[in-house]
Amino acid sequence: MPQSPLNIEGIVDDRGATYGDYTTQAAIAQKMKDEFRECPGWVYLTFPQRESLDMIACKVSRILNGNPNHLDSWVDIAGYATIVATRIPKA
């Protein structure tokens with residue numbers, strides 16, 4: 001039995017209903033990421049730390065632009081922070 005084609009438009013519509021207008025959400029995320037990169041400590045971060053902050057900015061922008069009660073966004077933020085925390089050497 002052949003699989004049905006992926007309904008990209010439906011997925012985009014669903015995401016828009018949860019996260020709001022993509023252009024606005026992307027602008028919020030990019031502004032936050034620009035601010036991160038201007039901070040003096042950015043150069044001292046590891047790649048996983050930088051990437052986690054970028055992903056957290058994306059998730060925060062979705063919360064601010066869309067449904068703030070979408071649990072997955074909050075869980076994802078905690079997940080990215082946990083990934084970094086588990087890679088920091090214990091003193």
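Which residue caps the N-terminal end of α2? Select Asp-21: one of its side-chain oxygens sits 3.3 Å from the backbone nitrogen of Thr-23, and that is the cap. Keep in mind as you click around that this is a predicted model.

**Along the helix**

Now select residues 22-38, which make up α2. Draw a distance from the first C-alpha to the last and you should get 24 Å over 17 residues, close to the 24 Å expected at 1.5 Å a residue.

**The buried side**

Next, show the side chains of Gln-25, Ala-29, Met-32 and Lys-33, which are buried. They take up an arc of only 100° around the axis, so they end up on the same side of α2. The general pattern helps here: an α-helix has 3.6 residues a turn, so residues three or four places apart point the same way. What lies over these buried residues? Bring up α1 (8-19) and α3 (47-65), which are included in what covers them.

**The other face**

Spin the view to the face of α2 turned away from its buried side, and colour Thr-23, Lys-31 and Glu-38: these are exposed residues carried on that face.

**Cysteine stop**

Finally, pick Cys-39 and Cys-58. How many disulfides are there? The count comes to 0. Cys-39 is in none, and the nearest cysteine sulfur to its own, that of Cys-58, is 19 Å away. Seen from Cys-58, the closest cysteine sulfur is in Cys-39, and the pair is not bonded because 19 Å is too far. Their surroundings are worth a look too: Cys-39 is partly exposed, at 41% relative accessible area, while Cys-58 counts as buried at 16% relative accessibility.

Key:
Residues numbered from 1 in each chain as written. Predicted model: local features only at pLDDT ≥ 70, side-chain atom pairs only at ≥ 80, totals over all residues. Heavy atoms only, no water. Helix = DSSP H or I, 4+ residues; strand = E, 2+ residues; numbered from the N terminus. Expected span 1.5 Å × (residues − 1). Buried < 20%, exposed > 50% of the residue type's maximum accessible area, 1.4 Å probe, protein only. Arc of directions from axis to C-beta. Contact = heavy atoms within 4.5 Å. Polar contact = N/O pair within 3.5 Å; in protein donor to acceptor, adjacent residues only side chain to side chain. Disulfide = S-S within 2.5 Å.
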